[in-house]
Amino acid sequence: MVQSKKQKYTFLAFCLIPTFIMFSIFTLYPLFSGLYYSFFEWSGSSQDKTFIGFDNYIELFNDDIIPQTIYHDYFLVAAKVVGIMVLALFFAVALTQLKIKEAPFYRIVFFFPNIMSVVVIGILWAFIYNPSMGLVNSGLEAIGLESWTRAWLGDEDWALPSLILPSVWAGIGLFMLMLMGGIANVSKSYYEAAEIDGANEWQQFWKVTLPLVWPQIKISILYIVITTLNGSFIIVQVMTGGGPNNSTHVMGSYLYQQAFQQYNFGYGATIGVMILILSLFTVMILQFLMRRERVEY
């Protein structure tokens with residue numbers, strides 16, 4: 001059916017304008033509001049706002065806790081990228097290449113944590129790490145390693161590393177399914193050709209599977225980085241609240257503490273601007289480092 005230009009533009013406007021309105025309300029407005037409030041001293045609950053210019057940013061650079069939160073965030077980023085990608089890729093290859101009969105069942109099992117709320121996951125793992133009745137200490141005691149038991153979330157040295165396991169456990173399923181989709185689209189003829197050339201299974205993985213699923217791997221890594229820098233505060237807030245002694249505070253949890261617990265909303269908005277800038281720079285650097293020629297098949 002032939003359509004006039006007016007009909008086409010009307011249809012495009014009908015599709016795009018509602019989306020743009022929602023994007024403006026839930027993304028652009030909070031973004032520019034946060035930037036605006038970062039120049040004020042404001043409790044967040046009163047009508048009185050005092051313009052202080054760049055004082056919040058000066059305080060940000062002089063805050064001793066900020067470098068710790070940045071280190072904690074990137075520590076979790078590195079641990080999650082390595083842990084999730086290694087395990088997700090391993091299980092994706094195993095469930096697609098080894099022809100396991102129970103593969104559909106394992107897909108459900110691995111994906112199950114992804115349908116759970118992060119709050120529920122945090123509460124669940126807080127019980128698992130409980131020093132008196134948690135599974136971790138009980139398991140160590142059962143195998144005779146009582147000296148290894150500790151208050152995992154109450155120990156300054158172990159609280160942050162203890163957050164890695166629930167974070168990785170909660171993220172494996174989604175990225176495993178993404179990688180499985182990429183592997184399933186690789187033609188079997190490539191593996192047959194590699195086998196004829198004498199390549200073993202390990203060589204097929206490195207020379208065939210990995211290059212052809214690189215787009216899925218790249219997207220997965222970027223998604224993990226973005227969601228960790230912007231959303232790791234939830235599990236931190238639920239499991240440790242940033243303690244003990246600020247040893248698990250990430251940028252998001254410190255923002256929450258400043259803005260909604262200490263009623264220093266202007267400074268909290270400044271931390272939000274810092275998170276945005278660091279996230280953008282991190283993604284840009286990763287895009288540059290992970291760029292490669294497109295593989296067509």
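**Exercise 1.** Look at residues 108–128 in this predicted model: how much of the chain there is helix, and how far apart are the end C-alpha atoms?

*Solution.* Start with the secondary structure: the stretch 108–128 is 71% helix and 0% strand. Next, go to the two ends, where the C-alpha atoms sit 22 Å apart. Finally, check the record: UniProt, in an unreviewed entry, lists 108–128 as a "transmembrane region".

**Exercise 2.** Now try residues 265–289: what are the helix content and the end-to-end C-alpha distance?

*Solution.* Here the span is 100% helix, with 0% strand. Its end C-alpha atoms are 36 Å apart. The same unreviewed UniProt entry gives 265–289 as a "transmembrane region" too, and these residues make up helix α14.

**Exercise 3.** Work out how helix α2 (residues 55–62) is placed against α14: at what angle do the axes cross?

*Solution.* Step one: the axes come within 9 Å of each other and cross at roughly 70°. Step two: angles of 65 to 115 degrees count as roughly perpendicular, so α2 is roughly perpendicular to α14. Step three: the crossing is right-handed. Step four, who touches whom? From α2 come Asn56, Tyr57, Glu59 and Leu60, while α14 brings Gly266, Tyr267, Thr270, Ile271, Val273 and Met274. Sorted by class, that's 6 nonpolar, 3 polar and 1 charged residues.

**Exercise 4.** Find threonine 96: which backbone oxygens lie by a polar atom of its side chain?

*Solution.* First, place threonine 96 in helix α3, residues 65–97. Then look at alanine 92, whose backbone oxygen is 2.6 Å from a polar side-chain atom of threonine 96. For the backbone oxygen of valine 93, the distance is 3.3 Å. Leaving out residues up to four places away in sequence, threonine 96 touches Met180 and Ile183.

Conventions. Residues numbered from 1 in each chain as written. Predicted model: local features only at pLDDT ≥ 70, side-chain atom pairs only at ≥ 80, totals over all residues. Heavy atoms only, no water. Axes fitted to C-alpha atoms, helices over the stretch in contact; angles between N-to-C directions. Helix = DSSP H or I, 4+ residues; strand = E, 2+ residues; numbered from the N terminus. Parallel < 35°, antiparallel > 145°, perpendicular 65-115°, else oblique. Left-handed = near helix turned anticlockwise from the far one by under 90°. Contact = heavy atoms within 4.5 Å. Nonpolar A, V, L, I, M, F, W, Y, C, P; charged D, E, K, R; others polar. UniProt positions renumbered as here; feature names shortened; annotations may be inferred. Polar contact = N/O pair within 3.5 Å; in protein donor to acceptor, adjacent residues only side chain to side chain.
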